[in-house]
Structures are given as structure tokens and as C-alpha cells.
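Colleague: I am new to this structure and would like to learn how to read its pocket and its core. Where should we begin?

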Amino acid sequence: MEPTHQHRGLSGGTARDRAARVAGWLLVSTAAATAVMIVSRVAADADQPTLEGSLTAIASGGGEYALSGAARLVSGLTLLGAAWYLSRTWIIRRRLATPLVPGLFALSAAFTAVSGTLAVALASMASQAVTLGAQSSAFARAETISDLRLLTGKIGFALAGLALVVAARYQWRVGGVLRYVAPVSAILGIAMQFIWINSATVAHPIIGTAFLVWLVGVGVMLLTGRTERLFTRYVDNRAAT
């Protein structure tokens with residue numbers, strides 16, 4: 001059953017897909033929470049060459065680092081919500097796009113939320129670890145949590161990139177403005193895998209910023225119904241041939 005009759009003429013009185021609107025709002029919210037995370041993390045100055053230096057910075061700027069962790073947790077939760085609502089859109093349910101995209105976003109969200117939770121935990125124990133010194137059990141626990149935070153954050157970011165690569169194929173097929181978005185999605189999604197390459201650290205902020213722009217752009221398209229109109233036109237054109 002095609003979605004043509006239910007969704008034709010979105011400007012002509014047919015109800016828009018609520019799931020798509022909510023997904024769009026949550027993607028924009030994910031971008032906003034991520035921006036807060038980035039700003040507060042930079043303010044905490046926690047990216048030091050050594051763990052001891054990072055813990056010292058976190059201990060002295062615990063509020064900022066805890067805020068960055070909380071914002072990362074929120075971004076994971078909002079992305080998880082966006083993934084859920086994306087999976088409920090008529091576009092996904094009618095298999096006009098693959099459920100693998102919201103599935104990958106959901107996995108990314110889970111790892112991101114865990115990474116944020118670990119960052120909050122690290123902020124709470126940094127002062128004790130620094131005070132007791134590198135040979136203490138508190139410092140060892142902090143090191144483990146720091147390593148897990150970094151790993152889960154990288155996995156979450158990489159999975160989001162894979163979602164973009166998969167989405168690119170369907171964006172290209174639908175056409176319209178999405179045909180211009182598609183190569184950006186593919187290139188950005190591949191670039192997001194550079195998170196695993198330490199020598200590409202200088203590029204990470206640029207790639208991260210580009211991902212924020214992508215979230216806002218795609219989120220707004222879903223929120224305003226533009227994505228639905230493009231898929232409706234695609235279905236209509238396919239039915240006419």
C-alpha cells in the first residue's frame with residue numbers, strides 16, 4: 001500500500017506525520033545539547049596530554065566538566081528519542097527508507113548517553129583521585145572510567161557516522177534538495193570514522209561542527225514537513241511510471 005493517498009497534498013489539508021515532526025525537533029535538540037557539551041568541555045580545559053593533568057583540570061573546573069557530561073547524556077537521550085520517532089514515520093514503515101538508519105542512531109545514542117554518564121562520574125571523583133595521587137585506587141578507578149568514557153564516546157560518534165552513510169543512498173534516490181544533501185551525508189559519515197585516528201585530532205572539531213549542522217538541517221527539514229513532501233513526490237512519480 002502506497003502512502004500517496006494518505007500523505008498527498010500536505011499543503012492541502014492532509015495531516016502531516018507527527019512522528020516526523022517530533023523526530024525533527026529531537027534532532028535539533030540533540031544538536032543544541034551537543035553544542036552545550038562542546039562549549040562546557042572547552043571551558044573545563046580537560047583535554048590535557050596526561051591523565052593526571054586532565055584530572056587536575058577537571059577537579060578545578062568540575063562544574064563545567066560535569067555540565068559537559070550531563071549535556072552529552074541529554075544529547076544521547078534526545079538522539080534515542082529521535083531514532084524511535086524516525087522508525088515510526090510512514091517513510092520508514094513503508095520501507096521507502098531503511099530502518100537501519102534509526103537503528104544505528106539508537107545504538108549511537110546509547111553509547112553517547114553512557115559516555116555522558118561516565119563523564120559526570122569522572123567529574124565527581126577527579127578531586128579525590130588527584131589528592132590521593134597516581135598510585136591510589138581512586139586514581140585507578142578514574143583512569144578506567146576515563147578510558148571507558150573515551151571509548152563509548154568514539155563508538156557513539158562512529159555509529160552516527162555510519163547512519164549518515166546509509167541514509168545517503170535513500171536521500172539521493174528521492175531527489176530534490178535531498179540529492180544535494182546525500183553526498184554531504186556520505187562524505188561526512190565517512191569523515192566521522194576518523195574519530196579512531198589519533199593523528200586526525202585537528203580535524204575532529206571541524207567534523208563535529210559539520211555533524212551539528214547536519215543535525216540541524218535534517219531536523220528542520222523533518223520539522224517543517226519538507227522531507228515528507230519530497231518522499232510523497234517520489235512515491236507519486238514512481239506510481240505514474
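Modeller: With the largest pocket, keeping in mind that this is a predicted model. A pocket is read through the residues that line it, and here the lining has 43 residues, with Arg-41, Asp-47, Arg-72, Arg-149 and Ile-195 nearest the centre.

Colleague: Which elements give two or more residues to that lining?

Modeller: Helix 2, helix 3 (51–60), helix 4, helix 6, helix 7 and helix 9 do. Helix 7 supplies the largest share, 10 residues.

Colleague: How much space lies in the largest pocket, and what classes of residue line it?

Modeller: The space comes to about 1,300 Å³. Its lining is made up of 17 nonpolar, 18 polar and eight charged residues.

Colleague: Now the core. What is the general idea?

Modeller: In soluble globular proteins, nonpolar side chains tend to be buried together. In this model the largest nonpolar core has 46 residues, and those touching the most other members are Phe-105, Met-192, Phe-211, Trp-214 and Phe-231. Among the elements giving it two or more residues are helix 2 (18–44), helix 6 (100–132), helix 7 (137–174) and helix 10 (226–240). Helix 7 gives the most, nine residues.

Colleague: Take one member, Phe-231. Which residues is Phe-231 in contact with, leaving aside neighbours within four places in sequence?

Modeller: Phe-231 is in contact with Trp-90, Ile-91, Leu-96, Ala-97, Val-174 and Leu-178. Apart from this core lies another, of 15 residues, including Ala-44, Leu-118, Met-125 and Ala-126.

Terms used:
Residues numbered from 1 in each chain as written. Predicted model: local features only at pLDDT ≥ 70, side-chain atom pairs only at ≥ 80, totals over all residues. Heavy atoms only, no water. Core = buried A, V, L, I, M, F, W, Y, C linked by side-chain atoms within 4.5 Å. Buried < 20%, exposed > 50% of the residue type's maximum accessible area, 1.4 Å probe, protein only. Helix = DSSP H or I, 4+ residues; strand = E, 2+ residues; numbered from the N terminus. Contact = heavy atoms within 4.5 Å. 1 Å grid on protein atoms, 1.4 Å probe; cavity = no way out; pocket = protein on both sides within 12 Å on 5 of 7 lines; lining within 4 Å. Points joined across faces, edges and corners; volume = space filled by probe spheres on them. Nonpolar A, V, L, I, M, F, W, Y, C, P; charged D, E, K, R; others polar.
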